[in-house]
Amino acid sequence: MRRRKRLIRVKSSGSPETILWCGSVRVPRILEALDAILSGAQVLAVPLRAGGRKKQLAGGAAAGGDFCWLTQEDLVRYFLNSIGLFYHVAARSVSSLGLVRTDYLSVRPGESALSAVPLIRRAVASETAVAVVTEDGHLVGEISPALLAACDETAAAAIATLSVADLMAYVDYFGSPPEHILRAIKAGLKDKGLNAMLDLIEDETLSSFSSLSASSSSDEESGRTQLRRPSSGSYGRRSAEEPVVCSPASSLVAVMVQALAHRVNYVWVLDEDDDCRLAGIVTFADVLRVFREQLQ
C-alpha cells in the first residue's frame with residue numbers, strides 16, 4: 001500500500017518557498033506537485049529513483065540524496081507536451097479564459113529606482129517583473145528581478161542613485177553601462193555621501209578597463225582581430241531582450257509557447273486597440289490554474 005509523502009515547507013522571510021518531498025516512495029502525482037506550486041511554492045525538490053536525471057542538493061549526502069527541481073516552468077512545459085488532451089481550452093484566447101490580470105506591478109520611467117524596490121520584492125515573490133509604463137499607459141520596458149540578479153554588486157549603487165529609466169539601461173548592459181549612466185551613478189553616490197559604494201564603483205571601473213586593455217593587447221600580439229557584434233543602439237549592443245508581449249486574443253497555447261521560448265513566467269498583454277498600451281499580464285500561475293480546473 002502506498003504511503004503519502006510528508007511535505008516539509010522551507011521558507012525564509014522574503015525568499016522563495018521550497019517544498020521538499022520526503023520518504024522513499026514514488027514521486028508524487030502531478031496533481032500534488034501542481035497544488036503545491038499553486039499554494040505558493042516556487043521550487044519543489046523531488047527525490048529521484050536510481051537512474052533518473054539528478055541534481056545534488058547543497059550538502060550532498062547529508063541533504064538526503066539526489067533530487068530534481070520542479071518549477072512553474074517545468075509544469076507548464078509538461079502540460080504543453082500533453083496539450084492534445086486539453087484541446088478544448090488550448091485554442092481559446094487568454095481573455096476568454098479570464099487570464100488577463102490587471103493588478104500588475106508598474107512604475108513610471110522618471111521615478112526613483114529606489115522607490116521601486118518594494119515592487120521588485122513583490123515581483124520576486126510572484127515570479128513576474130515590474131512593468132515600466134508612461135503616464136498614458138504605454139509599456140516602455142520592465143525591471144526583471146532575474147536580470148538584476150545577473151548583474152554584479154554595483155547594481156545596488158545603480159538602484160540607489162538612478163531613475164527607473166536609467167536603471168533599465170544599466171540592466172540592459174549587464175553592469176557595463178554607457179558612460180553617461182556611470183557618471184550619473186557616481187554623482188548620485190557623492191551627493192548621498194555613500195563614499196564606500198563610490199569607491200566600489202571606481203574599483204570596478206578600473207578593473208573592467210584593465211581587463212579590456214589586457215584582452216586587446218593579447219589580440220594584437222597574436223595577430224587576431226576580435227570580432228564584435230553590430231551595435232543595435234546608440235551606445236552599443238543591448239544585452240537584455242524587449243518585454244515579451246501578446247494580445248488579449250492570443251490563444252492559451254500560443255502564450256505558453258511564447259513564454260517558454262523566452263524563459264519567462266509571464267507575458268505582458270497589450271491593448272487590442274492600442275498595441276503600445278499595457279492591458280494586463282498573464283502569469284504561469286494562472287495558466288496552471290486552468291489546467292488544474294480541467295483535472296478536477
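Author: A disulfide is a pair of cysteine sulfur atoms within 2.5 Å. By that cut-off the structure holds 0 disulfides. The model is predicted: local features need pLDDT of at least 70 and side-chain atom pairs pLDDT 80 or more, while totals for chains, interfaces and linings use all residues. Residues are numbered from 1 along each chain as its sequence is written, and side-chain values use heavy atoms, without hydrogens and water.

Reader: What makes Cys68 and Cys246 count as buried or exposed?

Author: Buried means under 20% relative accessible area, exposed over 50%, and partly exposed in between, with a 1.4 Å probe and protein chains only. Cys68 has 13% and Cys246 has 7%, so both fall under the 20% limit and are buried. Across the chain of 296 residues, buried residues make up 40%.

Reader: How many aromatic pairs does the rule give?

Author: The count is 6. One of them joins Phe79 and Phe86, with 5.8 Å between the centres and 75° between the planes. Rings of Phe, Tyr and Trp (its six-membered ring) pair if their centres lie within 6.5 Å; planes under 30 degrees apart are stacked, over 60 edge-to-face, and the rest tilted. The distance of 5.8 Å is within the limit and 75° is over 60, so this pair is edge-to-face. Phe79 is buried at 1% relative accessibility, and Phe86 is buried at 7%.

Reader: Why is the pair of Phe79 and Phe291 called stacked?

Author: Its centres are 4.6 Å apart and its planes 10° apart. The first value is within 6.5 Å and the second is under 30 degrees, so the pair is stacked.

Reader: What makes this pair a tie between parts that are apart in sequence?

Author: Phe79 lies in helix α2 (residues 72-81) and Phe291 in helix α11 (residues 284-294), so the pair ties together parts 212 residues apart in sequence. Phe291 is buried, at 0% relative accessibility. Tyr78, Phe79, Phe86 and Phe291 form one aromatic cluster.

Reader: How do you know that β6 and β7 pair?

Author: Helices (H or I, at least four residues) and strands (E, at least two) are DSSP runs numbered from the N terminus, and the chain has 11 of each. Two strands pair if DSSP finds at least two bridges between them. Here 2 bridges join β6 to β7 (residues 130-133), so the condition is met, and the two run parallel. Val107 stands opposite Val132 in β7.

Reader: What is the order of the strands in this open sheet, and which are the edge strands?

Author: The order is β6-β7-β8, an open sheet of 3 strands with mixed pairing. The edge strands are β6 (106-107) and β8 (139-143), as each pairs on one side only.

Reader: Which helix lies across β6, β7 and β8, and at what angle to β7?

Author: Helix α4 (residues 117-126) lies across them, at about 135° to β7. Helix α7 (residues 164-172) also packs on the sheet, touching β6, β7 and β8, with its direction at about 65° to that of β8. Angles run from 0 to 180 degrees between N-to-C directions of axes fitted to C-alpha atoms, for helices over the stretch in contact, and contact means heavy atoms within 4.5 Å.

Reader: Which residues of α7 are buried, and what covers them?

Author: Val164, Leu167, Met168, Tyr170, Val171 and Asp172 are buried. Their cover includes β6, β7, β8, α5 (145-150), α6 (155-161) and α8 (179-192).
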